[in-house]
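Let's walk through this one together, going from the broad layout down to a single helix pair. Have the sequence and the model open as you read.

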Amino acid sequence: MLSELDVSAIIVTIKLAFVSTAILIAIGTPLAWWLSQTKFKFKVIFEAIIALPLILPPTVLGFYLLMTLGSNSPLARVLESFGGSSIAFTFSGLVVGSVIYSLPFVVQPLQNSFSSVKRQSMEVAATLGASKLDRFFTVAVPLSRSGFVTAGVLGFAHTVGEFGVVLMIGGNIPGETGVLSIAIYDHVEAMEYAQAHLLAGGLLVTSFVMLIFVYLFNRHFSIMRYKD
Amino acid sequence: MIECKLNIQLEGFKLDAKFTIPDKGITVVFGPSGSGKTTLLRAIAGLEKGDTGFLKVGDSIWQSDHNFVPTHKRQIGYVFQDAALFDHLNVEGNLDYVIKRKTGLTEDFIDSIYTLLDITPLINRSTVQLSGGEKQRVAIARALLTKPKILLLDEPLSALDLKRKNEILPYLDSLHSQLNIPILYVTHSQDETSRLADHIMLIEDGKIIGNGPINEMLTRFDLPLSHSGNAISIFDARVMSRDTDFNLMHLEFKGGQFVVPDNKLPIESLVRIRVAARDVSITKKKQTDTSILNIFPAVVEEIVPEGDAQVMVRLTLKGVVLLACLTRKSASSLKLDQGLSVFIQVKSVAILS
């Protein structure tokens, strides 16, 4: 059955996924809205930066994150001067890594949905007395419901499934940064196949169910590109 | 009164709209497609922004040199061409969208709007269950709930087939008679214009080329409507009496009395009549042995050539202006000239309401 370590890995993973998804939606929503509305010439640069984690090896991202967040980095020194400490090898560090790594999986479906909200719908809301923020929350958001479901589920699932970034900046500290994907790796290394099966199988089924959910909600689902 | 002086520069198009219109009745904005009708409405609503301009509706200034009131703070009712209901809300939700945001709406006011557009039977439907005409009714009701200072209608009938058009026209008639706010109605349909307009504003290539009471606009020779090939005159009349022996009714207008087939309208009802220029002929002496019933004395005001073989004549009868389209040959043999007193014979009359 599940060892104490496995249980703590499951708890850390779920906690990480929830926290990351919440932050991803909070950051991704305004970002995706801006990308869907702007006529800024160089917006492709921003789109490319956001999409980078889709193609970069996670170890590359993890390595740079370690350089940025590690105890010898300028950022860590600033933090230390305020009485803090480096967030590498902490839960917060994992959250930062996950958010960056999963950002395209949240921004792209949102941008896709926001782009299909007709400008006229927003104009109608304005003529009916709704301010800019009001029309965003009462017209654009409800019309993009399926985009939010897709973004939330993908952001969550992708955070659960990450390995490379976590390995580089997490350090597999039980109860703090020890997550499921690494626990599976450890079991396999130790030839504990039964426990590996239990965790891997559990993840497989969960991911499958989540994707079914996404497809049911959004039949025009595409991760790699948004439609203009 | 509405005072407007707006300049909008769009890609490949310039709107230069300077006009004043009265603060009651329907002003039809009439012009060919691409002439800037919709852009004008959008500019009034604040959906297009020009560098300079002035816009005053009633006592509110919505745009001046240093001031641009954003759309959501202008009290406008805007009805888009395709109704543009929110599909994520049902009919009630669409109407509540305004009711929730607008303070001080009384139940009585809301009920009066629902009655005016017969909304109650539709209230629980989803927007996809509505016909095109029903959608427009909901869209108009939603716009009126904002208690607008001006109602802007952008070709509200153009997406509808004839049957749906006829369904919604009576509602537009009641807007006309029951609302005390100015209505700007964009269309390129002559039928809608002659039925609904009190005033016409003619727009061409982004410029206002004429703006005034409907019959003046229809009969002025310096404007295109009198040369469109189906020139008409429009005036108001009242049902006075009926002749049951012959099943006719008498319509009184400023210039006299029309006799027309009885269409069962009650006595005293106000009607709008349309006379086509090609249904009017001119005689020098009053004919007595003719089948034509509607003969009036009139004075020739102006004659202009219309094509190679015809002339268009503008006549007045006791202040009412009317057009007649004749052949150039008839005009010459009658020696028609400005100021000449003649008789006009009107072959047929259309009753529009």
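Before we talk about domains, a quick word on where their limits come from: the bounds are taken from an automatic or database domain assignment. Keep in mind, too, that this is a predicted model.

With that settled, start with chain B. The assignment splits chain B into domain 1, covering 2–216, and domain 2, covering 232–351. Going by C-alpha atoms, the centres of domain 1 of chain B and domain 2 of chain B sit 34 Å apart.

Now swing over to chain A. Its fold is easy to write down: chain A has eleven helices and zero strands, so to speak an α-α-α-α-α-α-α-α-α-α-α pattern when you read along the sequence. Along the principal axes, the C-alpha trace of chain A spans about 65 × 45 × 30 Å.

How far should you trust what you see in chain A? The mean pLDDT of chain A is 88, with 95% of its residues at 70 or more. Within chain A, helix H4 (residues 74–81) has the lowest confidence, at a mean of 81, while H6(A) has the highest, at 95. The stretch to treat separately is residues 221–228 of chain A, where pLDDT stays under 50. For those residues the model has twelve contacts beyond four places in sequence.

H6(A) is worth a longer stop. This helix (residues 119–127) packs against helix H7 (residues 132–143) of chain A at an angle of about 150°, and the two axes are 10 Å apart. Angles over 145 degrees count as roughly antiparallel, so that is the label for H6(A) and H7(A). The crossing of H6(A) past H7(A) is right-handed. On the H6(A) side, the contact is made by A:Ser121, A:Met122, A:Ala125 and A:Ala126. H7(A) answers with A:Arg135, A:Thr138, A:Val139, A:Ala140 and A:Leu143. Sorted by class, the contact of H6(A) with H7(A) comes to six nonpolar, two polar and one charged residues.

The two helices come up again where the chains meet. Here 13 residues of chain A are in contact with 16 residues of chain B. On the side of chain A that touches chain B, the elements giving two or more residues are H6 and H7 of chain A. Which of them gives the most to that side? H6(A) does, with six residues. By class, the side of chain A that touches chain B divides into seven nonpolar, five polar and one charged residues.

Note on methods: Residues numbered from 1 in each chain as written. Chains lettered and ligands numbered in written order. Predicted model: local features only at pLDDT ≥ 70, side-chain atom pairs only at ≥ 80, totals over all residues. Axes fitted to C-alpha atoms, helices over the stretch in contact; angles between N-to-C directions. Helix = DSSP H or I, 4+ residues; strand = E, 2+ residues; numbered from the N terminus. Parallel < 35°, antiparallel > 145°, perpendicular 65-115°, else oblique. Left-handed = near helix turned anticlockwise from the far one by under 90°. Contact = placed C-beta atoms within 7 Å. Nonpolar A, V, L, I, M, F, W, Y, C, P; charged D, E, K, R; others polar. pLDDT = per-residue confidence, 0-100.
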